[in-house]
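Biologist: I have just opened this one and could use a guide. Could you take me through it, and tell me how each label is earned?

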Amino acid sequence: MTTLSELHAAAERKAAAAEAIVAKEQAALEADLAFAREHKQAMGAGYWQSLHRAKLQAKIARALANTYAEVLNEIGTGQ
């Protein structure tokens with residue numbers, strides 16, 4: 001059976017991975033915007049969607065990890 005500590009550790013790993021994806025998407029978007037500005041081009045209407053989706057996933061993953069941490073502290077097995 002999986003313990004709450006293991007769930008918390010897994011949630012922390014998922015949150016870190018999601019946050020890394022946000023950083024990657026942010027960098028890609030900034031590069032695309034810089035290229036578009038340099039070449040006087042417009043970006044398509046959905047250019048921000050991948051970054052927005054990644055940010056939402058990272059927020060959810062971080063919230064889950066924080067919730068596990070709060071529960072662990074509340075039941076007295078916090079790290």
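Modeller: Let's start with the salt bridges: the structure holds two of them. This is a predicted model, in which local features need pLDDT of at least 70 and side-chain atom pairs count only at pLDDT 80 or more, while totals for chains, interfaces and linings use all residues. Residues are numbered from 1 along each chain as its sequence is written, and side-chain values use heavy atoms, leaving out hydrogens and water.

Biologist: What makes Arg-62 and Glu-12 a salt bridge?

Modeller: The term asks for a side-chain nitrogen of Lys or Arg within 4 Å of a carboxyl oxygen of Asp or Glu. In Arg-62 and Glu-12 the closest N and O atoms are 2.9 Å apart, so the pair meets that cut-off. The pair links distant parts of the chain, with Arg-62 in helix α2 and Glu-12 in helix α1, 50 residues apart.

Biologist: Which other side chain meets Arg-62 in a salt bridge?

Modeller: That is Glu-19, at 3.0 Å from N to O. This pair also joins distant parts of the chain: Arg-62 in helix α2 and Glu-19 in helix α1 are 43 residues apart. Glu-12, Glu-19 and Arg-62 are thus linked in a network of salt bridges.

Biologist: Why is Arg-62 called partly exposed?

Modeller: Buried means under 20% relative accessible area, exposed means over 50%, and partly exposed is in between, using a 1.4 Å probe and protein chains only. Arg-62 has 23%, so it is partly exposed. Glu-12, at 28%, counts as partly exposed, and Glu-19, at 34%, counts as partly exposed too.

Biologist: You mentioned helices. How many helices and strands are there?

Modeller: The chain has two helices and zero strands. These are DSSP runs, numbered from the N terminus: helices are H or I with at least four residues, and strands are E with at least two.

Biologist: How do you know that the length of α1 fits what is expected?

Modeller: The expected span is 1.5 Å times one less than the number of residues. Helix α1, residues 4-38, has 35 residues and reaches 51 Å from its first C-alpha to its last, close to the 51 Å expected. For α2, the 26 residues should span 38 Å, and its end C-alpha atoms are 37 Å apart, which agrees.

Biologist: Which residues of α1 are buried, and what covers them?

Modeller: The buried ones are His-8, Ala-11, Ala-15, Ala-18, Val-22, Leu-29 and Ala-36. Their cover includes α2, residues 49-74. In α2, the buried residues are Leu-51, Ala-54, Ala-58, Ala-61, Ala-65, Tyr-68 and Leu-72, and what covers them includes α1.

Biologist: What makes a group of residues a nonpolar core?

Modeller: A nonpolar core is a set of buried Ala, Val, Leu, Ile, Met, Phe, Trp, Tyr and Cys residues joined through side-chain atoms within 4.5 Å. The largest one here has eight residues: Ala-15, Ala-18, Val-22, Leu-29, Leu-51, Ala-54, Ala-58 and Ala-61. Helices α1 and α2 each supply at least two residues of this core.

Biologist: What does Leu-29 contact, leaving aside its neighbours within four places in sequence?

Modeller: Leu-29 is in contact with Met-43, Tyr-47 and Leu-51. Contact means heavy atoms within 4.5 Å.

Biologist: Where is Lys-40 found, and is it buried or exposed?

Modeller: Lys-40 sits in the loop between α1 and α2. Its relative accessible area is 76%, so it is exposed. Lys-40 also has a positive phi of about 50° although it is not a glycine. After α2 comes Gly-76, whose phi is positive as well, near 90°.

Biologist: Why is the whole chain called more spread out than a compact globule?

Modeller: The globule rule is 2.2 Å times the number of residues to the power 0.38, and the radius of gyration is taken over C-alpha atoms. For 79 residues the rule gives 12 Å, but the radius of gyration is 18 Å, well over that, so the chain is more spread out than a compact globule. Along the principal axes, its C-alpha atoms fill a box of roughly 60 × 20 × 15 Å. Buried residues make up 18% of the 79 residues.
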